[in-house]
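Open the model in your viewer and show it as a cartoon. Keep the selection box ready. This tour goes from one selection to the next.

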Amino acid sequence: MSNAAKVLELAKKYRKDTAEGLARLVRIPSESMKEGDVQHEVERQMHNAGFDEVIIDGLGNVIGRIGNGKTVLAIDGHIDTVGVGNMDNWTEFKPFDGLIQLSTLKDRNDGKPTECVCGRGSVDQEGGVAAAITAGRILKEMGFAEKEDVTYYVVSSVMEEDCDGLCWNYIINEDVKQGLIKKPDFVISTEPTNLNVYRGHRGRMEIGVDFRGLSCHGSAPERGVNAAYLASKFALEIEKLNERLQPDEDNFLGKGTVTISEFKSGSPSLCAVADFVHIHLDRRMTWGETKESCCAEVEDCLKRAGIKVGPEIGQAKITVLHYDEVAWTGTKYGMEKYFPTWKLPESEHVVQTGIKAYKELYGKAPKVDKWTFSTNGVTINGVHKIPMIGFGPGNEVLAHFPNEKCAVDDLEIASAFYAMYAWNIAHK
């Protein structure tokens, strides 16, 4: 029996276990910085799957290892989720029931019901973690660790929803340097890809622009400088900037975008001119756009609005914002909110290995595409330049969506893919 046939056989054998493993994760609420309980469940599942070693690092990432070879492959899946939002929108099931039931997926089976794991996190992104653990079980049963000079890690990472990439900065800058794990040669992100192979996505950054006005009594506004008027002129220039932005040269990632996501003003009272405004910019960056170029564009927008950069009344200050929060373990860790764009050529070995693995398993080539949103790839490849791809169960359109659900078929396919990829990376 070929390796591909054996992998498929075992993925099918453990199909139910994978679904039930995901259901157990879904039943445990796990928003960013509150992942402790679900991480202990991940730890338990890794031990049950026969992983050679399972550790919890200082930030709260759970890292399971199989094998101890020279080539290092890591499968990453963040275990934290967003909140549930308006409960009235959860019309099919409750967010944390973790049901396994027949349900309709609009993009599958011509709308016919299919077996799904239902609940918050099933697609984004706990399904990937469950499938990667099963892939480890498959590799153990096939004698992978004894036969191949490869180390296989499954990384159940934290705080991605709050600050994508932070967890991998910690892994590379702390865990690797301390010798807790080896630095990966290759990474697969299990963010949902609809079972396609992804090779990049736009970057993003968060920029704050603060306007200093001069308050006075609202009955005589001409005596002051209204920061809200300054900010409003600037806001119109940001709208125009978004229209001017251009796609990358091969139009793979598309155009960058910029939008105002928060506008806060302040004054001594509601009978006074606003003396302060803070604007929060959500900037999505295509290939070739950088922190420096984006900040220069914001400064140009201020200039077009007739506003100088500076600390004086009537001026504005530009700041690239910073994240600095406390993990569930009590560790305080932060980073600048600049998340670089990344993409790899389709000819890159890490991408071709994914295409080959899929072909061997299913007899056809996968679609090669990109994410519309941001992932831990911003630091894995964007900062640390580790070759990576994405392949994950579930459709990304269901990420952060009420009635979130993941097809059990996807979990089976993903677990087979990760195991087959590990075999193929061993024979690069």
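What should the 16 residues of H4 span at 1.5 Å a residue, and how far apart are its end C-alpha atoms? The expected span is 22 Å, and the end C-alpha atoms of H4 lie 23 Å apart, so the two values agree. Bear in mind throughout that this is a predicted model.

**Stop 1: helix H4**

Select residues 126–141, which form helix H4. Color them by burial. Of the 16 residues of H4, 13 are buried, so the rest of the structure largely encloses this helix. Now step off each end. Just after H4 comes Gly-143, with a positive phi of about 75 degrees. On the other side, select Gln-125, in the loop between strand S5 (113–118) and H4. Look at the peptide bond that joins Asp-124 to Gln-125: it is cis, and its omega is near 10 degrees.

**Stop 2: H4 against H11**

Add helix H11, residues 408–425. Two packed helices are described by the angle between their axes and the distance between the axes. How do the axes of H4 and H11 cross? They come within 8 Å, at an angle of roughly 50 degrees. H4 and H11 are therefore oblique to each other. Their crossing is right-handed.

Show side chains at the contact:

- From H4, pick Gly-127, Gly-128, Ala-131, Ala-132, Thr-134, Ala-135, Ile-138 and Leu-139.
- From H11, pick Leu-411, Ala-414, Ser-415, Tyr-418, Ala-419, Ala-422 and Trp-423.

Sorted by class, the contact of H4 with H11 holds 11 nonpolar residues, 4 polar ones and no charged ones.

**Stop 3: Glu-412**

Stay on H11 and select Glu-412. Is Glu-412 buried or exposed? Its relative accessibility is 16%, and the cut-off for buried is under 20%, so Glu-412 counts as buried. Which residues does Glu-412 contact, leaving aside its neighbours within four places in sequence? They are Ala-11, Lys-12, Arg-15 and Tyr-362. Then draw a distance from Glu-412 to Thr-379. These two are 33 residues apart in sequence, and their C-alpha atoms are 28 Å apart.

**Stop 4: Ala-4**

Jump to helix H1, residues 3–13, and select Ala-4. Ala-4 counts as buried because its relative accessibility is 10%. Beyond residues up to four places away in sequence, Ala-4 touches Glu-360, Leu-361 and Met-420. Draw a line to Ala-416 as well. Ala-4 and Ala-416 are 412 residues apart along the chain, yet their C-alpha atoms are separated by 8.5 Å.

**Stop 5: helix H3**

Select residues 36–48 for helix H3. This helix has 13 residues and reaches 19 Å between its end C-alpha atoms, close to the expected 18 Å. Highlight its buried residues: Gly-36, Val-38, Gln-39, Glu-41, Val-42, Gln-45 and Met-46. What do the buried residues of H3 pack against? Show helices H2 (15–26) and H4, then strands S1 (53–56), S2 (62–66) and S6 (150–157). H3 is followed by Gly-50, which has a positive phi near 90 degrees.

**Stop 6: H2 against H3**

Keep H2 and H3 on screen. Their axes come within 9 Å and cross at roughly 160 degrees. That makes H2 roughly antiparallel to H3. The crossing of H2 and H3 is right-handed. H2 contributes Gly-21, Arg-24 and Leu-25 to the contact, while H3 contributes Val-38, Glu-41, Val-42, Arg-44 and Gln-45. By class, the contact of H2 with H3 has 3 nonpolar, 2 polar and 3 charged residues.

**Stop 7: three loop residues**

Select Ser-32, in the loop between H2 and H3. Ser-32 is buried, at a relative accessible area of 10%. Its contacts outside four places in sequence are Asp-80, Thr-81, Met-159, Glu-161 and Asp-162.

Follow one of those contacts to Met-159. Met-159 sits in the loop between S6 and helix H6 (166–178). At 1% relative accessibility, Met-159 counts as buried. Its phi is positive, near 65 degrees, although Met-159 is not a glycine.

Finish at Asn-194, in the loop between strands S7 (186–189) and S8 (197–198). Phi of Asn-194 is also positive, near 60 degrees, in a residue other than glycine. Asn-194 is partly exposed, with a relative accessible area of 26%.

Note on methods
Residues are numbered from 1 along each chain as its sequence is written. This is a predicted model: local features need pLDDT of at least 70, side-chain atom pairs count only at pLDDT 80 or more; totals for chains, interfaces and linings use all residues. Side-chain values use heavy atoms; hydrogens and water are left out. Helices (H or I, at least four residues) and strands (E, at least two) are DSSP runs, numbered from the N terminus. The expected span of a helix is 1.5 Å times one less than its number of residues. Buried means under 20% relative accessible area, exposed over 50%, partly exposed in between (1.4 Å probe, protein chains only). Contact means heavy atoms within 4.5 Å. Axes are lines fitted to C-alpha atoms, for helices over the stretch in contact, and angles run from 0 to 180 degrees between N-to-C directions. Angles under 35 degrees count as roughly parallel, over 145 as roughly antiparallel, 65 to 115 as roughly perpendicular and the rest as oblique. A crossing is left-handed if the near helix is turned anticlockwise from the far one by less than a right angle, and right-handed if clockwise. Ala, Val, Leu, Ile, Met, Phe, Trp, Tyr, Cys and Pro count as nonpolar, Asp, Glu, Lys and Arg as charged, and the others, Gly among them, as polar.
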